[in-house]
Amino acid sequence: MSATLFVGIGELATPVQSGSWEVRTVRDAGLMVEDGTVRWVGPRADAPATADTVDLGGGVVLPGFVDAHTHLAFAGHRADELAMRAAGMDFAAIAAGGGGIRKTVRHTRAASERELLEAVSGRARRMLANGTTTAEVKTGYGLDQETEQRLLAVYASLAAASPLTVVPTYLAAHAVPPEYDGKRGAYLEEVVLPGVAPAAALGARAVDMFVEQGYFQADDARRLAEAARAHGLGLRLHVDQLGDHGGAALAAELGAASADHLEHTGPEGIAALASSRTVPVLLPASVLGLGLQRYPDARAMIDRGLPVVLATDFNPGSSPTLSVPFVMALATRTMRMTPDEALVATTVNAAQSLGLADRGTLAPGQRADFTVWDCTDYREVACWFGFELCSRTVIESRTVHLARRDPQDPRPGETA
Ligand SMILES: [Zn+2]
């Protein structure tokens, strides 16, 4: 395949490493790709000659987003719960009435593999349309061996059919299903742990557990970590979402790739992460979605040098958003993160948390996964929210999403 030079780039912004990761911009840029790989990036005027050029129309170019925490596969929705919450019902009351996660588990168990594949395929297309090119995808709405394995099979089919890169995680330890009410230990022994080997065979790359008071406990996580190690799988953990129970330190102790949520993690937990290789994955849309006030202390984590990751936590209950730009907008408003920190957190830091060294920046040798935005300054991507700004998504040089835009329309921050 011959090289293609992408031009018509008003501004290209990418993380570059100078000690820590910083955002570097090039105005009126050129981006040369070949065989799905970036070959050259720089001012267009300096670009090597090539016969094949593609004009991107003058927007902002960014590396494709890596969404490092999603619950993509489930059936149904939970829109009925909004009115219940408006009437003052809390989550325990909604769950007692058969709603919440158990409702999603019921619908997911009843869905066929084909129905689930259609659902995740549609969601994957919406991810692409919002600039995400790689996503970690968890199971966890089956909560029995058969359905958990069906979800992994659905992810394998999605990976084969969609240009989106999917990285599956086995999360049978998401909740205790109704048939094991009050028997968490038995659920762990009979379903979660025996499911690790088949999950590895079906393409899972990591295991995950919801560790919280009243849910799974530290010793359960230690058992799961052991099983993961035995099958060559990584470990990711949901911790410290509802209280500081030492979850961050537990994740660090177990050598987890990531500790996710961390809304209540205090200085000790942050110090434990800082002396480990475990990366914090922050999910501010779930705080908003639950109507809570306490966001993770991203500022303290970044100031300790931690490579903070931002992700959507896409799920039908607490975080029904597929939009990484929305999460960036939220992080800049609620967690005192700068647009530059939010961009690093959703590209290179997110890729590294998944063990993917070939993406997250636009530099020679990296995958040509990039996105084009209807704005003139890359910081606008973390500024506007609630409408779609992504005009084109390219994966390995191939355009996989193209938005219709009237060329007469000014961009949102432009005066004609
Ligand atoms: Zn989650």
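Two residues are in contact if their C-beta atoms, placed from the backbone, lie within 7 Å. The structure is a predicted model, in which local features need pLDDT of at least 70 and side-chain atom pairs count only at pLDDT 80 or more, while totals for chains, interfaces and linings use all residues. Residues are numbered from 1 along each chain as its sequence is written.

**Exercise 1. Describe how domain 1 and domain 2 meet.**

Step 1. Begin with the bounds, which come from an automatic or database domain assignment: domain 1 covers 4–63 + 360–402, and domain 2 covers 65–353.

Step 2. The centres of domain 1 and domain 2, taken over C-alpha atoms, are separated by 29 Å.

Step 3. At the interface, 24 residues of domain 1 are in contact with 22 residues of domain 2. On the side of domain 1 that touches domain 2, at least two residues each are supplied by strand S1 (4–18), strand S2 (20–34), strand S15 (390–395) and strand S16 (398–402); helices (H or I, at least four residues) and strands (E, at least two) are DSSP runs, numbered from the N terminus.

Step 4. Sorted by class, that side of domain 1 has 14 nonpolar, five polar and five charged residues, where Ala, Val, Leu, Ile, Met, Phe, Trp, Tyr, Cys and Pro count as nonpolar, Asp, Glu, Lys and Arg as charged, and the others, Gly among them, as polar.

**Exercise 2. Characterise the packing of helix H4 against helix H5.**

Step 1. Helix H4 (residues 113–129) packs on helix H5 (residues 145–161) at an angle of about 50 degrees, their axes being 9 Å apart. Axes are lines fitted to C-alpha atoms, for helices over the stretch in contact, and angles run from 0 to 180 degrees between N-to-C directions.

Step 2. This angle makes H4 oblique to H5, given that angles under 35 degrees count as roughly parallel, over 145 as roughly antiparallel, 65 to 115 as roughly perpendicular and the rest as oblique.

Step 3. The crossing of H4 and H5 is right-handed; a crossing is left-handed if the near helix is turned anticlockwise from the far one by less than a right angle, and right-handed if clockwise.

Step 4. H4 contributes Glu 113, Leu 116, Leu 117, Val 120, Ser 121 and Ala 124 to the contact, and H5 contributes residues including Arg 150, Leu 151, Val 154 and Leu 158. By class, the contact of H4 with H5 has nine nonpolar, two polar and two charged residues.

**Exercise 3. Establish how far helix H13 is enclosed, and how H13 packs on H14.**

Step 1. Helix H13 (residues 324–334) has eight buried residues out of eleven, so H13 is largely enclosed by the rest of the structure. A residue is buried if 20 or more other C-beta atoms lie within 10 Å of its own, exposed if 12 or fewer, and partly exposed in between.

Step 2. The buried residues of H13 are Val 324, Pro 325, Phe 326, Val 327, Met 328, Ala 329, Leu 330 and Ala 331; among the elements they pack against are strand S6 (65–67), helix H11 (284–289) and helix H14 (339–346).

Step 3. H13 and H14 pack at an angle of about 140 degrees with axes 9 Å apart, and are therefore oblique to each other. Val 324, Met 328, Ala 331 and Thr 332 in H13 meet Pro 339, Ala 342 and Thr 346 in H14, and by class this contact has five nonpolar, two polar and no charged residues.

Step 4. H14 in turn has seven of its eight residues buried, so H14 too is largely enclosed by the rest of the structure.

**Exercise 4. Place Ala 135 in its surroundings, then state the phi values of His 261 and Ser 397.**

Step 1. Ala 135 is in strand S7 (residues 132–138) and counts as buried, with 31 C-beta neighbours inside 10 Å.

Step 2. Leaving out residues up to four places away in sequence, Ala 135 touches Asp 67, Thr 70, Leu 72, Met 127, Leu 164 and Val 166.

Step 3. His 261, a residue other than glycine, has a positive phi near 95 degrees; His 261 is in strand S11 (residues 258–261) and is buried, with 26 other C-beta atoms within 10 Å.

Step 4. Ser 397, which is not a glycine, has a positive phi of about 80 degrees; Ser 397 lies in the loop between S15 and S16 and is buried, with 20 other C-beta atoms within 10 Å.
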